[in-house]
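Visitor: I would like to learn how to read a sheet, strand by strand. Could you walk me through one?

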Amino acid sequence: MTQSSTRLVLVVAAALVDPDGRVLLAQRPAGKQLAGLWEFPGGKIEPGERPEQALARELAEELGIDACVSCMQPLAFASHAYEDFHLLMPLFVCRRWDGMVVAKEGQALKWARARDLRNFPMPPADAPLIDPLVALLG
Ligand SMILES: Nc1nc2c([nH]c(=O)n2[C@@H]2O[C@H](COP(=O)(O)OP(=O)(O)OP(=O)(O)O)[C@@H](O)[C@H]2O)c(=O)[nH]1
């Protein structure tokens with residue numbers, strides 16, 4: 001069905017990959033939409049920002065790391081109709097950053113194998129992102 005008006009929300013997310021080939025998941029805190037679900041770090045792109053810049057900002061805010069913008073590698077994107085908005089979310093692979101990953105916003109963090117991601121409850125938009133990660137990382 002075609003909808004006449006849909007709010008498009010642009011979000012950018014990262015698959016941070018550690019030297020062991022594991023991917024970082026962050027748990028959405030209580031009180032937020034989709035609370036308790038495991039997601040890729042990231043957030044909304046602000047007006048005037050390039051996606052890679054927005055991602056670097058979010059990674060600094062959420063995890064305290066300084067990610068290498070020129071190393072961000074586009075892998076896949078999610079296009080998902082939530083009830084009240086449509087999410088468009090590119091996923092970048094990021095293997096290089098400065099600093100230690102720290103949960104700056106009190107969120108739980110987990111390093112997981114790509115092939116184990118299906119064991120984590122994730123937002124529905126994220127499901128199509130898992131196969132490309134498994135293809136890349138095994
Ligand atoms: N960062 C991130 N967001 C995701 C993923 N999957 C997914 O559906 N989303 C959705 O994309 C939006 C992310 O924006 P956000 O992190 O700034 O959202 P938020 O609820 O904290 O909003 P707020 O900043 O207005 O409080 C949320 O609606 C979130 O549910 C994911 O893997 N990572």
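Visitor: In what order do the four strands of the open sheet lie?

Guide: A strand order is read from one edge across to the other. In this predicted model, the order is S4-S1-S7-S6, and the pairing is mixed. S4 and S6 (73-81) are the edge strands, each pairing on one side only. On average, neighbouring strands are turned by 20° against each other, direction ignored.

Visitor: In which sense do S1 and S7 pair, parallel or antiparallel?

Guide: Look at the strand directions, then at the bridges. S1 (residues 8-16) and S7 (residues 86-94) pair in the parallel sense, with seven bridges. One point to look at is Ala13, whose bridge partner in S7 is Leu91.

Visitor: And what stands opposite Ala13 in S4?

Guide: That is Gly42. Here S1 meets S4 (residues 42-44) in the antiparallel sense, over three bridges.

Visitor: How many bridges join S6 to S7?

Guide: Eight, and these two strands run antiparallel. For a residue to start from, take Ser79, which stands opposite Leu88 in S7.

Visitor: Which strands does helix H1 touch?

Guide: For a helix on a sheet, read the contacts and then the angle. H1 (residues 51-63) packs on the sheet and touches S1, S4 and S7. The direction of H1 makes about 65° with that of S1.

Visitor: What about helix H2: which strands does it touch?

Guide: H2 (residues 127-137) also packs on the sheet, with S1, S6 and S7 as the strands it touches. Its direction makes about 160° with that of S6.

Conventions:
Residues are numbered from 1 along each chain as its sequence is written. This is a predicted model: local features need pLDDT of at least 70, side-chain atom pairs count only at pLDDT 80 or more; totals for chains, interfaces and linings use all residues. Two strands pair if DSSP finds at least two bridges between them. Axes are lines fitted to C-alpha atoms, for helices over the stretch in contact, and angles run from 0 to 180 degrees between N-to-C directions. Two residues are in contact if their C-beta atoms, placed from the backbone, lie within 7 Å.
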